[in-house]
Amino acid sequence: MTLKSRHLLGIADLDPEEIGLILETADAMTEIAARPIKKVPALRGRTVVNLFFEPSTRTRTSFEVAEKRLSADTLSIAVAQSSVTKGETLLDTVRNLEAMAPDMIVMRHGSSGAPHLLARLCRSAIINAGDGMHEHPTQALLDAFTIREHKKRLDGLKVAIVGDLLHSRVLRSNVHLLNKMGANVWACGPTTLMPSDLARFGVRPTASIDEAIDEADVIMMLRIQHERMHGHFIPSTREYFTLFGLTPARVARAKPDVIIMHPGPMNRGVEIDSDVADGPYSVILEQVANGVAVRMAVLYLLAGQEAQAD
Amino acid sequence: MSQVMDADRMGRALTRISHEILERNRGTSELALVGIRTRGVPLARRIARSLHEINHEHVPTGALDITLYRDDLMRQPLGPQPVVHRTEIPFSIDDRRILLVDDVLYTGRTIRAALDALIDFGRPRAIQLIVLIDRGHRELPIKADYVGKNLPTSLKESVQVRLQETDGEDEVLLTEPAGAEES
Amino acid sequence: MKLLLKGGRVVDPAAGRDGEFDVLIEDGRIARIAKSVPADGADVIAVKPGWIVAPGLIDIHVHLREPGQEHKETIATGAASAVAGGFTAVACMPNTDPVNDHPGVTQLILRKAAEAGGARVYPIGAVSIGSRGEQLAELAAQKAAGCVAFTDDGRPVATALLMRRALEYAGMLGVPIVDHCEDPSLKGDGVAHEGFHAARLGLRGIPGVAESIAVERGIALAEITGGAFHVAHMSARQSVRAVRDAKMRGARTVTCEVAPHHFVLTDEALETPIRYDTNVKMNPPLREAADRDAMLEGIADGTVDVIATDHAPHHADEKLVEFDRAPFGIVGLETCVPLVFDRLVHAGRIGIRRAVELLSTNPARVFHLPGGSLADGAAADVTILDPDARVVVRAAELKSKSKNTPFDGWELKGGVVATIVGGTVVYRNGQLL
C-alpha cells in the first residue's frame, strides 16, 4: 500500500486507508525512540529542508528529530520577515532552494494555500507543516495516533474541540480526519470565533462548553491568541476563561477515562487550567513524543517517490 | 509447482537444528533467538519451544523488522514502500549469542540488513544464522550456521515457505514461473 | 469615406429599432439607416443574417493602469483589448499612479488615448485628492478637462459626509458619483467571500453586507441630495434588493452595474478546478450561488442598469503568489460579450435587446456619453456581433497586456465580428486593424 500523492498538503486529500497506513507505520516508528541507538538508515543520503516562514520551536524540532532518526540530511531555514519584505516571492525563494536539489521540503507558512502553490509549480515533494488558517496535517495525525493509543479506536468517540475555531488550522485538519475515521466531533467556541457554515464541516457547533464536554471521550483545547481582543472577537482573556476555560470542574462532566489534549503552546489560565494541563487526564506531553514517530512515518512513506515536476 | 518439504519433514528439521544448537553452544546459557519478520518469527518461536523441551531452559525470543535497513529502499521510483512493522526485542543483546532466524536464505541481503539492525541494538558476543531453506545464489559473503534443507534452485524459480501460524499449513513449495511446463 | 453595413439585424433600443436594416456611414457619422441602401461607391461589409448590428458597446468600468503601472496595461493595449472585446468606448478608473485627481492626469490620459486609436477613452476622476477621502478634488476643473464621473474606486468614498458633499457638488455639475461600495471595518483584511468555501480553505472572509451597507448609505444620500449615485461592481444579493427597493420607491438617480464574473461564477471557484487560484481573487469577491442568482434576477428584471467588466489587469508575476498576497482583479474586456451571450441570452434569461441596453444604451445614459444609439448624424461607433459564434477563450492570445482571467479554455457561444469606431473598422475577424 502506498500514499496516493507525492505531497502531504492536507488531511482533506487523504482517504481513511491512507490515514490508517500512516498511523500503522508510526506505530512501528515509536519503537525506535526506545532503542539505545535511535537511528535507522532508511533516508540515508536524502536531503530534507525545513522551510519555516512562521516561528515554531515545537513542530520544527519535531521534524528535525524525525528526519535525523531516519538518517536524512536536514537543513532548517527560519525565513525572517525581512527577506519577504526585500521583495523575493515565495516561488523564487523555493526555486532558488531547489537548485540545490532537496528531496523534500517541509514548509510552514502564514498564508493558506502556500504549499498548494508550490506543489503545483515546483519540483520537490512538499509536506505542509501548517499553512495559515488552513491545515496542519501532521498535527491531526499525531492527535489521532495519541487517541488511538488510549482508546484503541477512533470511530464512535465523542471528541470536543474547544477554542478559537475560526483561525485554527489544527481544528480544520482534525475535523477532516476525525470525520473520515467515524468520530463525532463537537466544535465549541464563542460565536465570534466560529467559521461560516460550521455545521457543514460535519461537526456539532455549540457555544456551550458544558454541552460540548458532556460525556466526551476526548477533549482537545485550542490556543486562543491575545490579539483576538483587537478584532473584537473576545473582550478579555479573563472572560474567555470564565466561559470556555477547561477547569477541573468542567472535566468532571466528561467520561471518567477522558483524555485531554492540546496542540501547544498552551496559555495556562486562558484556555486551560494548570491543574488540568498537568493532571492525570492530560496526554499533552505524549502528543509531543508521538509527533516524532508520526512525522517519521510521513517522511518514510513520501520519500520513496522521486522528485519530479508534475 | 512441487512440494519440497512437508509438515513432517519441517518438524524434524527444526528438531534436528535445535539439537545442533545445543551441541555447538554447549547449552543455552547466553543464547537468544531473534526471528526476522515475517516468517522468521514463528520459526524462532518453534525453535525456542523445541529447545525448552530438550533441556528445560527458557531462551528469550524477539522479532526484528529489517524494512528500514534494506539496501533497496527508496530505489524504486514512484513505488510503494514496504510496510514497516514493529521490532520487539524485549531483552538486552549485549554479550549474548544471538541466533538469527529466517525462512529462506537467498542473496544474503536480508541477513546483511539484519546484522546492521542488530548492531544498532547492542554488542552481541556472537551472531549465528539459522535458516529453514538455503536456495543458493548468494550475492554477499553470508553463510548459514544451521540449515533445514539445502535446495538448489534456478534464478527463475521461486521458493515459498508456508507456515501454520501465518498461512494455515506447514510446507515448502518450489514454483516455476508462468509459461513453464506443468509437472 | 463611405462604409455600408449591408444586412444584419439592427438592434437599437434607444431609437426603438429592431429589425433588418442597412446602415450607411459617411465621414465617420451615421448617414442613413433604411431597409435597402444602395452601395453607391461605398465599401460594403456584408453582415450575415442573424448577426447583430448594435450601437458601439461601452464599458464604464475599466482599469487602464496608465500612468504609473504600465507593466500591467497601457492605454494603448487597453484600448486595443477593448475593441477586440467589441467595445467602442471605455471609461477608465482613477486609481492610477498618480491618482487621477487633477486635470493634468486627465489630459495625459486623453492624449495617450488619441495617440493609440482604438476605443474612445472617457476618464473618471477621483472624488477626493489621492482618493484618500480627506479633501474633495476639483471636480469642476476635472469635468472641464474631460471627466465623465467621479469615484474613489479601489476604495469606498471614505465617509458618509464626504459622499453627501460629493453627490451635492457633482449633482450641481450633472455628473454621477460611482462608489466602490464597501464598509472597511467589515471587510477587514478579508480576501474571499465569507462563506463555506473560504472557511474550509482558511481564507479570511468578506461578508456580502460589507457591500450592501455602503449601497444603502449611498441610496439614502442620493435620495436626500438628488445626486446621481451609481453602484460599481455589485455582487451581493442584499445590494440588489436595496437598489430594487429604492427604484420601486421612485429613486430615479440610483443606478448600478454588475460584472460578468459575478453572474457567472461563485465562490466554489476557490476550490475547483484549482484550489487557491489567484485568478478568482477579486474585490468584491465571487460570492455564493444565492448572490449570483440575485445578479441574474436583477439583470432580467431591470434592477441592474449596466454590465461593466471591472477590467483589472495584473502582471503574471504579481498573481503567481500566495492567495493572501495576490492583488485583487481579473481582466474582462475580451470575455464579456461571449459570457453575456452564452450565460444570459442563450440561457434564456434575457433577449438581445436587453443585452444591448446593458452594454450600450444604458452605459451611455448613466454617464451622459455620446453614443449608445445609432442616431442620424451621430458618430459611427458600431459593434457587429455574432450570437452563435463558437468562441474558445485563450488567455495567451488576449490583446490585453495581462492575461489574468479565470475563463481560460472556456468554450462559449457568442462573439464579436467587427468593431467600428468613428466609421473606421478597427477590429475584424480576430484581427486588430
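Which residue follows α2(C), and what is the sign of its phi? The residue is G117(C), and its phi is positive, near 70 degrees. The model is a predicted one, in which local features need pLDDT of at least 70 and side-chain atom pairs count only at pLDDT 80 or more, while totals for chains, interfaces and linings use all residues. Residues are numbered from 1 along each chain as its sequence is written, and chains are lettered from A and ligands numbered from 1 in the order in which they are written.

Helix α2 of chain C covers residues 103-116 (helices are DSSP runs of H or I with at least four residues, strands are runs of E with at least two, and both are numbered from the N terminus). Its 14 residues reach 20 Å from the first C-alpha to the last, close to the 20 Å expected at 1.5 Å a residue, where the expected span is 1.5 Å times one less than the number of residues. Within α2(C), V105(C), T106(C), I109(C) and A113(C) are buried, a residue being buried if 20 or more other C-beta atoms, placed from the backbone, lie within 10 Å of its own, exposed if 12 or fewer, and partly exposed in between. These four cover an arc of only 105 degrees around the axis, which puts them on the same side of α2(C); the arc is that of the directions from the helix axis to the C-beta atoms. On the other side of α2(C), G104(C), R111(C), A114(C) and E115(C) are exposed. The buried residues pack against α1 (75-84), β9 (87-92), β10 (120-123), β11 (125-126) and α3 (139-145) of chain C.

On the scale of the whole chain, the domain assignment, which is automatic or from a database, divides chain C into domain 1 (2-52 + 379-432) and domain 2 (56-366). Their centres, taken over C-alpha atoms, are separated by 25 Å, and 32 residues of domain 1 of chain C are in contact with 46 residues of domain 2 of chain C, contact meaning that the C-beta atoms of two residues, placed from the backbone, lie within 7 Å. On the side of domain 1 of chain C that touches domain 2 of chain C, β20(C) gives the most, with seven residues.

Chain C also meets chain A, in a contact that takes 16 residues from chain C and 18 residues from chain A. Helix α6 (residues 196-201) of chain C supplies the largest share of the chain C side, three residues.
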